[in-house]
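Me: I'd like a close look at a single part of this one, together with whatever sits around it. Pick a stretch and walk me through it, please.

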Amino acid sequence: MHVSRRNLLMGAGVAVTALPPGKTDGAQAPATPGTAATTQTTPGRVTTLNGRSLDWRMVDGAKEYHLIASEFEHEFAPGCKARCWGYNGSTPGPTIEAVEGDRVRILVTNNLPEPTSVHWHGILLPNGMDGVSGLTQPPIGVGETWAYEFTLRQNGTYLYHPHADEMTQMAFGMMGLFIVHPRIQHQPVCQRDFAFILHNYALRPGSYRPDPSVMTDFDLWTFNSKVFPAIDMLNVRLGERVRIRIANLSMFNHPIHLHGHRFMVTGSDGGRWPQVSWRPEVTEIVGVGQTRDLEFVADNPGDWALHCHMSHHTMNAMGHGIPNPVGVAQAALADRLGALLPDYQPMGGNGMYEHAEHASMGHMQGPENTLPMAMGRGPFGPIGMGGMMTLLRVRPDYRDGVDPGWYSGDQQPRARRITARSEADETDHSSHHR
Amino acid sequence: MKFRLLSVITAAATLGVSSGCSTVPVQSSRQQAQALLQRSAGTLAQFPDNAEAAENELRTLLAAPLDATAAIRVAWLRNADAQAACAQLGISTADIFAASRPANPQLGLAWLWPSPHGGDRKLDGTLGFSLDDLIRLPSRRQYGAVELRAAQQQLAAKLYALALDTLDAWLEAAASQQRLSVRRAIAESAQTAAELAEQYRLAGNINAVETALQAAAGTEAALSLSRSERDASRSRSRLRQILGLTATDPALQLPTNLPAAEALTFEAQQLHAEARSQRLDLAAARSEVESVSLRLAATRRFRLLGGSAVSVLGEQEGDSRRTGIGAGIELPLFSQGQSAVARATAELQLAEAHVRQLEVSIDAEVDAQLEQLARAYDEYRQYRERLIPQRESIVARLSEQANFMLTGPFELLLARQQSYSAYEGAVDALQSWWQSRVALARALGAPLPMPVRGN
Ligand SMILES: [Cu+2]
């Protein structure tokens, strides 16, 4: 909790909104799907997956925020780090939250090695505050601090990101959410309000800095610059109304799919949509540079996957263009390959499941600073995913701050084997791993 | 004068009697050559007493993997050039021995029958000695001894050179064998890739071109292996030849690895000096200068002597008998021995030129081989400490990548072949180092460098 004394002193009339969000730092994500965004969202506040909101103080009648752009080491998941750029030591930078009608002043300090600027994506503001370097302002020089100041005349899910050398700076992780809450809460009220940004990184296996020159062939597909299973899970109590705000600053459109529920698309970076425009979906494409608000009642208990539906976006780095091993009888040459290449484990002859199995057990030596393409282990074996994937965990008895564990579903039907157990399947998937 | 002549005759007669049954010292001459060789070859240059012992030793040596020491022993026992050089010393020893002996006296007899017209039967006897031969004998013996030493030094030098030639051939054969095993591994890797490509093709996963590329690479590696086999076979038969082995001798076994190189530091100036004191061929050339100058001195001293002789004469005619002495002397009217002196002078110049030429070539060779040795060692170290670990690490890192489906097996197998090629380069550098070591020993006349430890 970061309740600064200053906030309490300054916050006459803003005490409620000044309450910081729950601590959701997923610094130590386990090999099994990650830590949870654990605290119920205060109405009018969002839970930033693996992140936090930015503190502010009242100065001369404006909420004053301070973003400091710099380079730092970022962890995508345990076993994979890189030198990234962001704000206040994180990528994405802390979420800016404000209320429609607020006057905001955002100080930006540039500790990067090159000039930058900040564009307030989707916010209606005077042209000189739009943050397009060279067009609406000179760039923010190295070591300089600049101020942006404007009044918020809308509410919704927005973004901030550089508009100077965007190719490099965004490829390194410079981005953040800008949430403008309505003066009066939207109805029906959501008890949970989660937010994350979709992004991609070209972090070549074994390297330690993303490559900004890459246009399509990315290695890591992220929710808030984390990959499964290090992405915070969305834990909710059965029957709660849930909002998920998704923004996309990557180079692809992502069809985000939620299992077990049908949600309404209730808004975008154009603001909240009139209810007649809401539409029910289970998959919503969030286009590049767009945001989407999804709302639903979590009425189906269980562990539900929330992921991009492009299968290569729910996995980590993989070679594209390597010879396809599926169907290849490598066994005949196994001894000779073993003698020539003792560290090599030929696999994939029957598909990639075997790979996920070995990776989830940590049986396979891969390159340094590189995650297996498919990872994660659930109660029934390898989950075999990565990238843009996390879980919505719906429990009747969920208590904030307490990890609900895997869904046991003892009273619920579950798919069952009706033939004899396959001889070939030597692994024991019956034990529940945690 | 009369007294002197008599004493000469007596001396000659005594000499003739006393040395009448002495033998030519071929055996001891060879032992002296062997003692010279031992200075650079140590106990390795001790030879069995008889042919049977030599054959037994040979059989033992050829039964085990042949290390460098064994190879030199076999060459010394079997190589026909070595045997010819020993025989040559026998010839030289015999010639020099002969030259150190006085010429045998000449006994002449003549019968004259009475003629039909009268006169008695007559019997003449002459015992003649070559006088200048006797006079020249002491100086001939003096330079004969030096010539004998030179011949022994030449034999030792030849056997030493044979040992170094054998080392060269052994290194080539052992290195070729090692290269062969590397090429075999490369071929195995390339052929595994080709067969793996077949499997990928059968599964329908790669096209005809990709399959053919792997197949062709496999065939090329097999051809390269075949060339290596030819090289290994050629160097082996060259080694057999220098060892003096025939078809009935057993097949050669060679050690699997060349011995490791070591860091050596030399002081070039000191090596030049060492070479001048150690080189057997230089010693032989200097002995040659010494003997030729002794011969020149003798030629000068006796240049007017010519073919002088004394003789004892006896005559019997009827009942009358007479004895007397006679003498003959070459009159230096038309030749005063100038040509003999001129020839001996030129021979001395020739011998001196040979010494100078050897000295120059020794200095140049020492410097050149020092440079070769240092460079080959540096290369060898770079292979061992840099390239091989670098190539191995590429294989290890690529294996990790392949485990994570980031790289395919063909790239990995190619990297494996490149890592094997680095070993081949190391073998080449090691062989160069050893051959420079041998060449340096040859230039120095130094104790034999013995690559006996495997690595
Ligand atoms: Cu996607």
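Reply: Helices (H or I, at least four residues) and strands (E, at least two) are DSSP runs, numbered from the N terminus. This is a predicted model, where local features need pLDDT of at least 70 and side-chain atom pairs pLDDT 80 or more, while totals for chains, interfaces and linings use all residues. Residues are numbered from 1 along each chain as written, chains are lettered from A and ligands numbered from 1 in written order, and side-chain values use heavy atoms, without hydrogens or water.

Let's go for the end of helix α10 in chain B. This helix covers residues 338–403, and chain B as a whole has eleven helices and four strands. Along the principal axes, the C-alpha atoms of chain B fill a box of roughly 130 × 50 × 40 Å.

The residue to click on is B:E400, which belongs to α10. Is B:E400 buried or exposed? B:E400 comes out as buried, with 11% relative accessibility (buried is under 20% relative accessible area, exposed over 50%, partly exposed in between, with a 1.4 Å probe and protein chains only). Which residues does B:E400 touch, once those up to four places away in sequence are set aside? They are A:Q365, A:G366, A:P367 and A:E368, contact being heavy atoms within 4.5 Å.

Now swing over to chain A. Helix α5 of chain A takes in residues 353–361, and its buried residues are A:H355, A:A356, A:E357, A:A359 and A:S360. What do they pack against? Their partners are β23 (375–378) and β24 (381–385) of chain A, together with α10 of chain B. Just after α5 of chain A comes A:G362, with a positive phi of about 70°.

Back on chain B, carry on past α10. B:M405 sits in the loop between α10 and α11, the latter covering residues 409–444. Its phi is positive, about 60°, although B:M405 is not a glycine. B:M405 also counts as buried, at 4% relative accessibility.

Chain A has its own example of that backbone quirk: A:S225, another residue other than glycine, has a positive phi near 60°. A:S225 belongs to the loop between β13 (220–223) and β14 (233–237) of chain A, and is buried with a relative accessible area of 0%.

While you're checking loops in chain A, look at two prolines as well. A:T91 and A:P92 are linked by a cis peptide bond, omega being near -10°, and A:P92 is part of the loop between β5 (80–87) and β6 (96–99). The bond joining A:Q187 and A:P188 is also cis, with omega about -10°; there the loop runs between β11 (176–181) and β12 (192–201).

For context elsewhere in chain B, try B:A71 in helix α4 (residues 68–78). B:A71 is buried at 0% relative accessibility. Leaving out neighbours within four places in sequence, its contacts are B:L66, B:T166, B:W170 and B:L243. From B:A71 to B:A342 you count 271 residues along the chain, and their C-alpha atoms are separated by 47 Å. Chain-wide, 42% of the 455 residues of chain B count as buried. Of the chain B contacts between residues at least 6 apart in sequence, 80% join residues at least 24 apart.
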